[in-house]
Every structure is written in C-alpha cells, then in structure tokens.
Amino acid sequence: MTIQSIRGMPDILPEQAGAWLYLEKAVARLFASYGLTQIRTPIVEETRLFARAVGDVTDIVEKEMYSFEDRSGESLTLRPELTAGVVRAAIEHGLLHNQTQRLWYQGPAFRYERPQKGRYRQFHQIGVECFGFPDAAMDAELIELTDALWSELGIREHVSLQLNTIGSPEARARYREALVTYLTAHFELLDADSQSRLQRNPLRILDSKDQGTQEVLEGAPSLESYLTDDDRAHFGRLTAHLDAAGVSYVLNPRLVRGLDYYGRTVFEWVTDELGAQGTICGGGRYDGLVAHLGGKPTPGVGFALGVERVVLLMQTLAVIPDTVTSQADVYLMAQVPVAESAIRSLARKLREACPELRVMTHIGEGSLKSQLKKADKCGARVGLIVGESELENGTVVFKPLRGGDQEILSQDDTLRRLQRG
Ligand code: ATP
Ligand code: MG
C-alpha cells in the first residue's frame, strides 16, 4: 500500500508552483512599496490563544481546529489563521510600546472543513496587520493596497469590494439586544444553525445563507441605526478616502464579524467566478483584540487573503503570463558531444550577464531533433545550438523557437541579444 497525502491537504505541484511564486513575488514587492515589513510566527500555538483571539463561539474554534496534546500534555493547535499569532508575538516582544507597526505575513493555516474546490484543510494565507493607527486612513490604505494587488494580478475587473461598519462594541451591544429580542419572536422560522447561535453569537445570524432566515432578517432592526456619532464619522472618513482614491465599493449591511473586539470597518473582496468559495480576501478593524489578549489597548486593522482562491481565480481567468508557467527562456543544445563543455561554459556566461534569464542546458544524449523537442516542452523562447563548425568559429546558432529565422551569431552578440530580452 502506498502512502497518500492527507485529505484536504493538497500538494502544490511544479506546474502550479510558478503561479504561486508569481503571486508571492507581486505581494512582496507591492507590500514593501507600502512600507510593510514581514513577520513570521510559528505554525503551532497554545490552543487557548485561538480560543481567545478567534472566539469560543465561532465555527473555527468550535469545530475546525486541529488541536492535540504534545508529549508533556499541553494542548496545542495548528493555527487556523495568522492574526492571533502575530498579535501574541507583538505583545510578547514589546513591538507595540510607543510605536506603530505595519506588518505582513504569509504561510499555511489549518482548518478541519469539508474539502472542496477553494476550501482545504491546509490552505495558505497572506495578510497584513497594522497596529497603533486609529485613523480611518489606515483602513483606506489597506483596502487600496488590496485593490492595487488585484490590478497588478489582472483580476481587478472580476472582484468587487463589499464594505460595512459594525460600529463600536458599545453600539453593537445595544444592537445585539434588539436583534435577539426580534429574532426570539420569530424563533420557529429560523434554521437550526441560527437557532443555536441566537444566544451565543446572534450577529453571525446576519450571515446566514438560509432562505427562511433571510426572510425573517428582512424585518429585523438594522445595526446602522445603533451606530454612535464617532462610528459614523469614522466610516465617513473611510468612504471619503476610498472615493478620492477611485476605489468603488458595495455597501453590505449584512457583512459582519460577530466578535466583541472587532469593530467598525469590515470588508470582503468577492468574485462570482469561484462558486460558493467566492470570498478571496477579508479584513477589518479590531481595536479591542490587543487588549483582549493581555496587551495595552492598541488599535489594529488588517486583512487576510486566501492564496489558493486567488491562484484559482487567476487560472480561471487565464491571466497568468506564459513566462510564469514555462521553465526556461533559453535552452542550450550540443549538436555533437564535443560541444558539450562549450554550451556549459556559454550557459555560465549567460547566467552571469543576465541574472533574470532562465537558462537550461540539455543534459544527456539525444539527437538534435529530440533536444529541440525538450527545448519546446520547457517553454523556452530561444534555442542556442553549438555544432562542429560553431565550435571551431566560436559562434552559436541562435534559433527563435516561437517563430522567426535562425541566425549564426558570435558569443558576444548572442549575449547582447539576450540581454535586450
Ligand atoms: P469562508 O466564509 O469562505 O469560510 P472565512 O470567513 O472562514 O471564509 P477568513 O477566516 O476570513 O475566511 O480567512 C480569510 C481568507 O482565507 C478567506 O477569505 C478565504 O479566501 C481564505 N480561506 C478561509 N478558509 C479557507 C479554506 N478552508 N481553504 C482555502 N481558503 C480559505
Ligand atoms: Mg470559514
């Protein structure tokens, strides 16, 4: 019996890894251009960190965590998201003392969910957390950053921004009471999930996809009318910044994060192209989280995107450049065995002169025809061939592989030609 991967924990095979790297490179460049620095935290944390940070009454903590006891009997958990670990680390290492932080992260997360397209048990997130900025300009900056990322990746036209404010904790506490009173009066019409959430996490009921529950919600009191003046002012500043930046959004009063220390801004980027797994990125403000985890009260705002879903969307829309999925730009071939060391030395020169160029040499035997087939298969644009006469004259056959005539060039001209791209 051969051993297989764990259900819902797929391998990222070489043919896909190019797209991942392409996304990761775009992210690293763009995030640096916004002055963000990276933080890396462990994959495993104490279970109680997530119970506290994510919330006892969420789906994640109630039924999706990979928790286990280590050999000393301590309860540990594979992180279901990365914010909790980042906040823990920021508090632990004093990163929030009299300073602000603009951090980003990337890495795997684990949730015990039913695997399907766009939903896995090991998946990957890229995210940002900024601390010490109460101003709505930071909410706007992070939304602009995600908007710029979608543009750079070529998926901007196929995603839309859903935006809401869930107010301050005080506003939400008053709203929660009104909502529970209303829903209790319509208890029989709610779906079973919503019924069980009514006392524990009633705001999450607003998220329900159930038709009957949705109908009940149409008559429910709206959170909007419970917002404080400061909540409204904050949201007004955010939308003014977004308008000025030309970032369009859809106001969605049903968008919530039902946790006490989340507040004010919540947003999601969604697409119609991926079926039920249409949310590629979610974020918001969580001014209460640092204090909730034992730090000194510090405003926070951030987002996380799902790498698998973004890659899936790029693949669906066929916006990944060919060079990303090919393995080489140039393929070097020796027409006769004595030319082998010549192509190897030429390859070294090319790599030194053009560090970005992907240079592959043919390794092993093979007729010129079979070597050309390999060159084609790896996606190279140019084949370089050295035969007996080229060996003698110090020249190279420069053969465009995607149309165009072959030429005989000196080694220096070959180099110059490839440097020009
Ligand atoms: P969903 O409603 O799809 O379950 P979520 O609200 O649980 O998403 P978040 O906790 O906000 O998701 O995580 C941020 C992003 O991570 C999501 O927008 C999504 O793109 C991605 N994501 C979440 N869970 C998974 C998963 N099991 N597999 C793949 N990607 C995921
Ligand atoms: Mg989920």
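**Figure 1. Leu-198 in helix 7, a spot in a predicted model.** Leu-198 sits in helix 7, which runs over residues 192-200. Like everything in these legends, this view comes from a predicted model. With a relative accessible area of 3%, Leu-198 is buried. Where does Phe-187 lie relative to Leu-198? The two are 11 residues apart in sequence, and their C-alpha atoms are 8.8 Å apart in space.

**Figure 2. The whole protein chain, for orientation.** Before the other close-ups, here is the overall frame. The protein chain has 421 residues, and 50% of them count as buried. Its secondary structure comes to 16 helices and 16 strands. Taken along the principal axes, the C-alpha atoms fill a box of roughly 90 × 60 × 45 Å.

**Figure 3. Glu-45 and Arg-88 form a salt bridge.** Side chains of opposite charge can pair when their charged atoms come close. In this view the closest N and O atoms of Glu-45 and Arg-88 are 2.7 Å apart. Glu-45 belongs to strand 2 and Arg-88 to helix 4 (residues 83-92), so the salt bridge ties together parts that are 43 residues apart in sequence. Are the two partners buried or partly exposed? Glu-45 is buried, at a relative accessible area of 8%, whereas Arg-88 is partly exposed, at 21%. The count for the structure comes to 19 salt bridges.

**Figure 4. Arg-48 and Glu-46 pair up.** The side chains of these two residues, Arg-48 and Glu-46, meet in a salt bridge with an N to O distance of 2.5 Å. Arg-48 counts as exposed, with 55% relative accessibility. Glu-46 is partly exposed, with a relative accessible area of 32%.

**Figure 5. Asp-231 and Arg-264 bridge distant parts of the chain, and a network joins three residues.** Here the side chains of Asp-231 and Arg-264 meet in a salt bridge, 2.9 Å from N to O. The partners are 33 residues apart: Asp-231 is in helix 9 (residues 229-245), while Arg-264 is in the loop between strand 8 (250-251) and strand 9 (265-270). Both Asp-231 and Arg-264 are buried. Elsewhere, Glu-45, Arg-88 and Glu-92 are joined into one network by salt bridges that share partners.

**Figure 6. Cys-130 and Cys-281, two cysteines without a disulfide.** How many disulfides does the structure hold? The number is 0. Why is Cys-130 unpaired? Its closest cysteine sulfur is that of Cys-281, and because the distance is 13 Å, the two are too far apart for a bond. Seen from the other side, Cys-281 is in no disulfide either, and its nearest cysteine sulfur is that of Cys-130. Cys-130 counts as buried at 1% relative accessibility, and Cys-281 counts as buried at 1% too.

**Figure 7. A patch of negative charge on the surface.** Which residues gather in this patch? They are Asp-193, Asp-210, Glu-215 and Glu-218. Zooming in on one of them, Glu-215 is found in helix 8 (residues 211-218). With 49% relative accessibility, Glu-215 counts as partly exposed.

**Figure 8. A nonpolar patch made by Ile-43, Val-44 and Phe-68.** These three residues, Ile-43, Val-44 and Phe-68, make a nonpolar surface patch of about 210 Å². Where in the chain does Ile-43 lie? Ile-43 is in the loop between strand 1 (37-38) and strand 2 (44-46). At 34% relative accessibility, Ile-43 counts as partly exposed.

Note on methods
Residues are numbered from 1 along each chain as its sequence is written. Chains are lettered from A and ligands numbered from 1 in the order in which they are written. This is a predicted model: local features need pLDDT of at least 70, side-chain atom pairs count only at pLDDT 80 or more; totals for chains, interfaces and linings use all residues. Side-chain values use heavy atoms; hydrogens and water are left out. Patches are made of residues with over 30% relative accessible area and no salt bridge: like charges are joined within 9 Å, nonpolar side chains (Val, Leu, Ile, Met, Phe, Trp, Tyr) within 5 Å. Accessible areas come from the Shrake-Rupley method with a 1.4 Å probe; for residues, only the protein chains shown count as cover. A salt bridge is a side-chain nitrogen of Lys or Arg within 4 Å of a carboxyl oxygen of Asp or Glu. Lys and Arg count as positive and Asp and Glu as negative; His and the chain ends are not counted. The place of a charge is taken as NZ of Lys, CZ of Arg, CG of Asp or CD of Glu. Helices (H or I, at least four residues) and strands (E, at least two) are DSSP runs, numbered from the N terminus. Buried means under 20% relative accessible area, exposed over 50%, partly exposed in between (1.4 Å probe, protein chains only). A disulfide is a pair of cysteine sulfur atoms within 2.5 Å.
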